[in-house]
Amino acid sequence: MSAVAARAAPARRSGFRFGPLWLAVPGLLFLAVFFAWPVAQLLGLSVVDPENGGLSTESYRRIAATDVYLRVLGITFRIAGWTALWSLLIGYPLAYWLARLPDMFRGRMLLFVMVPFWTSYLVKTFAWMIVLGRSGIINSLATGSGLVDQPLPLLHNMFGVMVGMVHAMVPLAVMTMLPVMTGIDRRLVQAAQTLGAAPARAFWLVYFKLSLPGVAAAGLLVFISSLGFFIVPAFLGGRQETMLAQLIITQVQELLNWSFAGALAAMMLAAALVSCWIYDRLFGISTIAGGSAQAGAGRIRDLGLAILGVVGDIAGRAAALAQRVLGKRVCAALLPGFCWLVIGFLVLPTLLVIPLAFTSSQFLEFPPPGYGIGWFRTYFESPLWIQATIRSFMVAFATALAATAIGGFAALALAHSRTRWSGLIFAFFLAPMIVPRIVIAVGLFYLFARIGLVATDLGLIIGHTVLAIPFTLVTIAAVLKTYDQRLDQAAATLGANRVRTLTGVTIPLVKGGLVAAFLFAFITSFDELTIAIFISGGVKTTLPKQMWDDMILQLNPTLAAVSVVVFVVVTVMLLLAERFRSSSSS
């Protein structure tokens with residue numbers, strides 16, 4: 001009996017072995033405390049009476065009974081919807097063209113999408129203010145050439161907002177659709193053509209159908225991201241383009257009405273969650289993660305196929321007519337030509353800021369009357385700008401370390417785990433990417449105000465880390481997908497423990513992905529404004545926060561010089577990140 005008991009003891013102890021999911025526990029605790037709890041607190045405040053602390057739905061009744069709030073809600077949904085639609089219409093041809101390119105050339109061309117994606121929203125918005133303003137580049141060229149007598153109203157209206165929003169969101173749409181498109185076997189379209197289908201019909205019924213999960217995911221992410229925008233409508237729109245996030249900022253910073261701000265945030269979050277549910281039911285977003293299609297979508301799918309068939313027939317006739325009128329050579333050049341126009345739309349506005357940073361004028365004029373480095377000297381000699389820059393670098397470095405460690409351990413846990421909890425844990429780590437940033441920022445502000453972390457570097461680091469974790473997790477998880485886990489098993493066979501295997505085998509082999517994740521997290525923090533608006537408290541200002549304050553007061557050439565500095569830093573970091581990521585995955 002003693003021998004049997006001795007053999008059974010190790011078996012009982014083996015049930016308590018250190019499992020791989022324990023590596024994700026630090027990240028789960030961190031997000032539970034600084035993400036889930038603040039958001040839950042903010043939502044809870046929406047049903048609290050600020051006067052007596054009891055439960056109340058007064059804030060929601062106030063929203064429902066006030067036309068201005070309902071109008072702002074409608075404007076927010078309309079702008080987000082149109083942004084998603086135009087981003088898909090513009091981004092789909094570009095993603096399709098990139099997916100057809102050879103791998104090496106595609107990686108280089110993708111930088112024209114990645115750089116605008118990671119460039120600060122403030123820099124991009126500043127660029128469009130210069131391009132679209134009454135004395136901006138377009139109006140200067142139009143009036144100077146005699147095309148128009150008066151400057152065109154391109155700014156402080158819906159047109160300006162849509163241009164800025166679509167410019168900001170097209171890269172996100174392309175980067176979401178591209179992985180799905182590159183995974184589609186081109187021979188399927190060729191097989192359909194071999195069986196007699198016209199090229200246009202084969203595209204719509206085969207390729208486009210297979211790419212729909214990516215299209216749906218792109219539309220979802222763009223729509224949800226657009227719901228929380230406030231930078232673009234604040235500078236490029238007018239009062240008729242006020243969005244929900246702007247109201248939330250006003251309620252918190254000027255009126256200190258936490259209950260009403262919580263109600264507005266709850267409506268925004270509810271819209272995001274409902275959008276996720278609707279997209280999943282209609283388009284089967286879960287299939288991207290390897291899940292099965294929704295069972296109840298059969299009729300919708302049949303209707304979609306019928307519509308695609310009609311669209312394919314119409315597109316086939318239009319393509320045949322275009323070839324007869326324009327010729328095959330011109331028709332073949334239409335797609336690349338359109339894609340280069342989109343790339344120009346993404347890249348040129350920011351590049352136009354560069355000559356303005358070297359202007360010798362006291363005002364923003366294009367073309368500059370003369371050139372010099374005076375505005376860069378103003379920037380480097382300003383204690384306020386330099387302190388903000390140094391703080392941004394320090395906070396970004398600390399954020400990158402924390403986010404890479406948390407995201408790296410979580411990615412390792414999920415890569416080695418085969419339990420049913422993996423999908424739920426992965427979704428929780430990605431949640432900060434789905435929940436609108438303004439909701440996270442206001443929730444953290446409420447929490448930090450009670451524990452004394454407002455106007456501290458630690459508060460900024462924590463907030464930025466919450467936002468950066470999803471990017472580090474996705475980057476490292478992508479590298480671990482190609483990692484041969486048998487190497488870890490071999491190290492264990494040779495006597496190495498888990499820590500030794502991790503430090504001596506795993507980390508050295510995936511260090512390129514770790515460095516890429518570090519740099520992506522650095523960029524995320526360096527560019528971040530939403531958290532900084534609330535947490536910096538006007539004292540611990542960062543570079544984006546200082547840019548925001550100056551842009552509200554007046555546009556000046558110093559902002560152009562700062563925009564160039566931010567653009568150069570982000571571009572260099574991005575190029576390094578892509579180089580390390582590519583070397584790690586190859």
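This passage describes the helices, helix contacts, pocket and cavities of a predicted model.

The chain folds with 27 helices and zero strands. Of its 586 residues, 50% are buried. Long-range contacts are frequent in the chain. Among contacts with a separation of 6 or more, 78% join residues 24 or more positions apart.

One such pairing in space involves Phe 77, a residue of helix α4, which spans residues 67–100. Phe 77 and Leu 227 lie 150 residues apart in sequence, yet their C-alpha atoms are 6.9 Å apart in space. Beyond its neighbours within four places in sequence, Phe 77 is in contact with Phe 223, Leu 227 and Ala 271. The side of Phe 77 is not fully covered, however. Its relative accessible area is 31%, so Phe 77 counts as partly exposed.

Helix α4 also takes part in the second largest pocket. The volume of this pocket is about 1600 Å³. Its lining has 40 residues, and those closest to the centre are Tyr 96, Arg 100, Ala 200, Phe 203 and Leu 335. Six helices appear in the account of this lining: α4, α8 (158–182), α9 (187–194), α10 (199–227), α14 (298–326) and α15 (328–351) each supply at least two residues. Helix α4 gives the most, with nine residues. By class, the lining of this pocket holds 32 nonpolar, five polar and three charged residues.Two of the helices that line the pocket, α8 and α10, also pack against each other at an angle of about 145 degrees. Their axes are 8 Å apart. The crossing of α8 and α10 is right-handed. From α8, the contact draws on Met 165, Met 169, Leu 172, Ala 173, Thr 176, Met 177, Val 180 and Met 181. These residues meet Tyr 207, Leu 210, Ser 211, Gly 214, Val 215, Ala 217, Ala 218, Leu 221, Val 222, Ser 225 and Ser 226 in α10. The residues of this contact divide into 14 nonpolar, five polar and no charged.

A second helix pair is formed by α5 (residues 103–118) and α15. Their axes come within 9 Å and cross at roughly 35 degrees. This crossing is left-handed. Helix α5 contributes Met 109, Phe 112 and Pro 116 to the contact, and α15 contributes Trp 340, Ile 343, Leu 346 and Val 347. The residues of the contact of α5 with α15 comprise seven nonpolar, no polar and no charged.

Enclosed space was examined next. Rolling a probe the size of a water molecule over the atoms shows where empty space is left. A search of the whole structure finds two cavities of 30 Å³ or more.

The largest cavity holds about 40 Å³ of space. Its lining consists of Tyr 121, Lys 124, Thr 125, Trp 128, Gly 164, His 167, Ala 168 and Val 232. Helices α6 (121–132) and α8 each supply at least two of these residues. The largest share, four residues, comes from α6. The lining of the largest cavity has four nonpolar residues, three polar and one charged.

The second largest cavity has a volume of about 30 Å³. Around it stand Val 123, Thr 350, Val 353, Ile 354, Ser 563, Val 564 and Phe 567. Helices α16 (353–357) and α27 (557–585) each supply at least two lining residues. Helix α27 gives the most, with three. Five of the lining residues are nonpolar and two are polar, with no charged residues.

Helix α26 (residues 543–553) is mostly covered. Eight of its eleven residues are buried. These are Leu 543, Pro 544, Lys 545, Gln 546, Met 547, Trp 548, Asp 550 and Met 551.

Key:
Residues numbered from 1 in each chain as written. Predicted model: local features only at pLDDT ≥ 70, side-chain atom pairs only at ≥ 80, totals over all residues. Heavy atoms only, no water. Buried < 20%, exposed > 50% of the residue type's maximum accessible area, 1.4 Å probe, protein only. Contact = heavy atoms within 4.5 Å. 1 Å grid on protein atoms, 1.4 Å probe; cavity = no way out; pocket = protein on both sides within 12 Å on 5 of 7 lines; lining within 4 Å. Points joined across faces, edges and corners; volume = space filled by probe spheres on them. Nonpolar A, V, L, I, M, F, W, Y, C, P; charged D, E, K, R; others polar. Axes fitted to C-alpha atoms, helices over the stretch in contact; angles between N-to-C directions. Left-handed = near helix turned anticlockwise from the far one by under 90°.
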